[in-house]
Amino acid sequence: NIMRWDSLLCTYGNNAKCHFRITANISISAAHTIDTLCGTIDGNHQTITLNNCTLTKTIKGGTVKDLTLTGTISSMAGTAAVSKYVGCAACYITQEGKLSNITNNTSVSISDIGIYFGGLCGWLQNGTINHCANKASITNDLQRTSGIAVCVDTLGVVINSYNNGVISGTSCGGIAVYTMGKVLNSYALADLHGNEVAGLVTFCRGGLVDNCYFYGHLYATETKAPLCCTVSLCGTVQYCYFCDTGQDNLQLSVIRHNNPAVGNIIQYTYLLSNATTLSSAGAFNSTSLLTELNNHVPAISQALQWTTINNQITL
């Protein structure tokens with residue numbers, strides 16, 4: 001219950017030696033957001049409902065795993081962001097913090113000035129997001145928005161994760177808006193709306209985007225790209241691919257090379273045939289998509305086989 005939540009997690013969550021196991025579904029508000037998590041939360045496959053709040057503010061070397069988040073966020077008033085960054089599971093992750101096997105179903109629709117919103121995490125400064133998914137629509141009318149993490153910093157890694165929720169904002173990325181770190185083996189199956197939108201990562205600034213794919217529609221008032229809008233500072237986008245749904249006429253040439261002389265690498269990127277059907281609700285034919293992906297394995301993924309595990313297409 002909420003009293004035990006406050007007395008244990010909110011009081012002792014900053015102790016790295018503490019391990020907490022959720023034994024029942026629970027609903028929390030901003031007053032019950034965990035300020036700093038250094039220990040481990042084992043979600044035990046339970047569900048936590050968020051009511052205009054995030055699960056944690058900062059994960060500092062801690063871990064959250066095996067958990068589903070749901071609820072509604074319509075305003076961030078009363079929930080402190082970390083340097084403008086907000087995510088449903090964590091605003092900020094540092095000191096090798098981890099999110100593992102987290103599914104976010106929290107519907108977000110905000111107009112708060114100065115908030116950067118990611119489905120799972122705001123700012124992944126130093127840590128890993130592994131086998132996580134965002135399945136909810138996220139609308140952030142005034143700022144940068146992404147399906148997994150807004151900023152993947154130099155020591156951040158997003159791996160084996162996906163976004164299947166519609167993303168709307170100014171600068172939008174299916175997985176991330178910025179990466180200086182690594183985005184690996186991940187995908188976005190969703191529509192994106194904004195001024196500048198990218199199927200995977202909007203701005204790859206010295207980071208690595210490897211073995212990822214995008215399938216969906218891009219609606220942009222300025223710039224749109226199926227993989228990344230801008231690759232700069234020796235960034236690398238490789239073994240990535242996308243499917244043109246027919247109405248977008250997506251081309252890799254949309255990618256802007258900021259000063260290519262500094263060593264940006266864009267290689268082994270492919271346009272897949274229109275082998276799948278994606279609806280506005282995000283449904284897709286996983287069998288035909290798997291066939292299409294595996295047909296390109298030798299040239300693209302450097303993996304033996306794509307498969308479906310727990311309804312997630314993965315390596």
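This report describes the fold, strand pairing, selected residues, cysteines and backbone angles of one protein chain.

**Overall picture**

The structure is a predicted model, and everything said below refers to that model. Its chain has 315 residues, of which 57% are buried, and its secondary structure comes to 2 helices and 35 strands. Contacts that link remote positions are prominent in the count: among contacts with a separation of 6 or more, 73% are made by residues 24 or more positions apart. The accessible surface of the chain is about 12,100 Å², and carbon and sulfur atoms account for 48% of that surface.

**Strand pairing around β12**

Strand β12, which covers residues 121-130, is joined to strand β8 (residues 90-94) in the parallel sense by 3 bridges. Strand β9, covering residues 97-104, also runs parallel to β12, and 4 bridges join the two. A further parallel pairing, over 8 bridges, connects β12 with strand β16, which spans residues 149-159.

Individual bridge partners give this arrangement a residue-level reading. A90 has C121 of β12 as its bridge partner, while C121 in turn has A149 of β16 as its bridge partner. For β9, the pairing can be followed at L99, which stands opposite I129 in β12. As a general point, side chains in a regular strand alternate between the two faces of the sheet.

Between β8 and β9 lies a loop that contains Q95. Although Q95 is not a glycine, its phi is positive, at about 50°. Q95 counts as partly exposed because its relative accessible area is 47%. A second non-glycine residue with a positive phi is N44, at about 55°; N44, however, is placed in a strand, namely β4.

**Three residues in β5 and β6**

I59 belongs to strand β5, residues 56-60, and with a relative accessibility of 0% it counts as buried. Apart from residues up to four places away in sequence, I59 touches L37, V64, A90, Y92, I93, T94, G97, K98 and L99. Two of these names, A90 and L99, have already appeared as residues paired with β12: A90 through C121 and L99 through I129. The C-alpha atoms of I59 and D35 are 8.4 Å apart in space, while the two residues are 24 residues apart in sequence.

I73 lies in strand β6, which covers residues 63-73, and it is buried at 1% relative accessibility. Once neighbours within four places in sequence are set aside, its contacts are N52, C53, C88, T106, S107, V108, S109, I110 and F117. I73 and T54 are separated by 19 residues in sequence, and their C-alpha atoms are 8.7 Å apart.

T63 is also found in β6, and its relative accessibility of 16% places it among the buried residues. With neighbours within four places again left aside, T63 is in contact with L37, G39, T40, I41 and K98. L37 and K98 are likewise among the residues that I59 touches.

The table collects relative accessibilities for several residues discussed in this report.

| Residue | Relative accessibility | Class |
|---|---|---|
| I59 | 0% | buried |
| I73 | 1% | buried |
| T63 | 16% | buried |
| D42 | 12% | buried |
| R21 | 54% | exposed |

**A salt bridge between β1 and β4**

The count of salt bridges comes to 1. It is formed by the side chains of R21 and D42, with a nitrogen-to-oxygen distance of 3.6 Å. The pair connects distant parts of the chain, since R21 lies in strand β1 (residues 19-21) and D42 in strand β4 (residues 40-51), 21 residues apart. The two partners fall into opposite accessibility classes: R21 is exposed at 54% relative accessibility, whereas D42 is buried at 12%.

**Cysteines**

The chain has 0 disulfides by the count applied here. For C121, the closest cysteine sulfur is that of C91, and the distance of 8.1 Å is too far for a bond. C121 is itself buried, with a relative accessibility of 0%. For C172, the closest cysteine sulfur belongs to C229 and lies 9.8 Å away, which is likewise too far for a bond. C172 is also buried, at a relative accessible area of 0%.

Technical notes
Residues numbered from 1 in each chain as written. Predicted model: local features only at pLDDT ≥ 70, side-chain atom pairs only at ≥ 80, totals over all residues. Heavy atoms only, no water. Salt bridge = Lys/Arg side-chain N within 4 Å of Asp/Glu carboxyl O. Buried < 20%, exposed > 50% of the residue type's maximum accessible area, 1.4 Å probe, protein only. Pairing = 2+ DSSP bridges. Contact = heavy atoms within 4.5 Å. Areas by Shrake-Rupley, 256 points an atom, 1.4 Å probe, with all protein chains shown as cover. Disulfide = S-S within 2.5 Å.
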